[in-house]
Amino acid sequence: MNLRTLVVNGFKSFAETKIDFPDGITAVVGPNGTGKSNIVDAILWAMGEQSVKSLRSERMEDVIFNGTEQRKPMGMVEASLVFSDVTPQELEPVSALVEGLEQTTDVMITRRLYRDGDSEYYFNKIACRLKDIRGFLWNARAGTRGQSVIEQGNIEQLLSASPQERREFIEGTAGIIRYKKQKAEALRKLQSTENNLLRVRDILGEVHQQLRVLTRQAKQAEEYQGLLQEARDLEVRLLTGDFRRLFADHCEVEKALQDSENRETACVADEVRLVTEQQQAQLELGAINESLQQAQDEFREIERRMSQALTEIQIERNRIEQYEQQHEQVMEERTRLQETGQEVVVMLEALQARMVQARVEIDALAASLAEGEESMAVVAARRREIQEKVNLGREAILAVAVEKTNMENRLRSLAEGQSATGRRMERLAAELTQSQFVQTTLQSEQQSLQTQRSALEQELEGLRTHQEQLEVSLQSHRETREELDGKILELQTQTA
């Protein structure tokens, strides 16, 4: 099997690319950054590589073409590999996909990835699984781990690999990985089968327990069905007896009902006859009532006329009595007026005398009025002065009231200040007592500290004395050391 063509659409820096691999060696030459390594990444990705690190990316979506200044980004990436000279033995893992197709030696595998993360795999443009493509490549010893593709650093990695890693490399090259994968998959299936068997055993045990319970319940259900059938038979018998008894009662009730209907028919005929007679009697009664009403109306008219005549007679009597009373009053009034006329003449004479006297009094009052007007002017002037004094007095009273209010407010404020001062004095007295207590405590502590200070000063004096003694001793040792150094130097000189 040989690689013939690589077709890439939207992979990394390749928007649309097709690379042919003729027989022999194909070399791709170019400066750094032209995408030489992207060709190898595209081949690995099309062969089913799942490691993002091997594709030199951070996410799988990074392999999709992100666009340039001239081209827009793409929504998917597709890479296809075309292999030639494929043998039937190499197609065994995908025989189900190529079944029915004409014999061909060319095979194309395709991988497609969308930006939303969906992936698709195709074998000869037929949708398949990644497992099918990997099986085909492992069978042809061309998988991503079969050293069919050797990248930069793989040789150095092989030379510096451990024996275990070299063994895995050789097994991958020899195509043993396929069988190991099949073995691992078979072992996994065996383990899954054993787990399934364990679950089946557990289920069988549970089913056996449920079967015993269900058997017991089935027996109870059979007994229940028998009792239920017996209850139904008894119920049918009871219902049959009830039906017969009710049917007999029904017949009797129907007979009684027929008799009642016959009696009701007779009663209805009697009722119709009585209603007719009643209507006739009502007609006759209506005629009698009309005659009676007419007579009553005539009687009421006669009573009204009699009442009206009596009223008029009474009115005439009252009018005659009133005339008689008025005649007597007129005679009495005439007598009284004659007496009053005589009194009026006497009163006129007296009034004339009083009028003369009144004129004299009026003249005197006029003189008094002039004097009174002068007095009134004086009084008015005095009244204005008094009013002004009253106004001034009111203003003074108002000022005094305001001053009184201010004084009361000040007294109230002074009282409150006095009470606040009293509370403050009490608080200060308590603080003074506490301060005295604290002062006493501090004095005691001060005396104690002075005692400790004296002791520490004595101890410090002793330490200074001891330090002086140590300095004297140190000086003595230094002199002794110098003597010893001199002797050592002298002995070294003598020895040399």
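## Surface and overall make-up

In this predicted model, the accessible surface of the protein chain comes to about 40400 Å², and carbon and sulfur atoms contribute 55% of that area; such areas are obtained by the Shrake-Rupley method with a 1.4 Å probe, and for residues only the protein chains shown count as cover. Of the 496 residues in the protein chain, 14% count as buried, where buried stands for under 20% relative accessible area, exposed for over 50% and partly exposed for values in between, again with a 1.4 Å probe and protein chains only.

Local features need a pLDDT of at least 70 and side-chain atom pairs count only at pLDDT 80 or more, while totals for chains, interfaces and linings use all residues of this predicted model. Residues are numbered from 1 along each chain as its sequence is written, and side-chain values use heavy atoms, with hydrogens and water left out.

## Order of elements and contacts

The protein chain has six helices and six strands, which follow one another from the N terminus as β-β-α-β-α-β-β-β-α-α-α-α; helices (H or I, at least four residues) and strands (E, at least two) are DSSP runs, numbered from the N terminus. Among contacts in the protein chain with a separation of 6 or more, 63% join residues that lie 24 or more positions apart, a contact being heavy atoms within 4.5 Å.

## Pairing of strand β1

Strand β1 (2-11) pairs with β3 (residues 76-84) in the antiparallel sense over seven bridges, and within this pairing Asn 9 stands opposite Glu 78 in β3. β1 also pairs in the antiparallel sense with β2, here over six bridges, and Val 7 has Lys 18 of β2 as its bridge partner. Two strands are taken to pair if DSSP finds at least two bridges between them.

## Two lysines with positive phi

The hairpin of β1 and β2 has two residues between the strands, and in it Lys 12 takes a positive phi near 50°, although Lys 12 is not a glycine. Lys 12 is found in the loop that leads from β1 (2-11) to β2 (14-20), and its relative accessible area of 16% makes it buried.

Lys 125, also not a glycine, has a positive phi of about 65° and is found in the loop between β5 (119-123) and β6 (126-128). Is Lys 125 buried or exposed? Lys 125 counts as exposed, because its relative accessibility is 68%.
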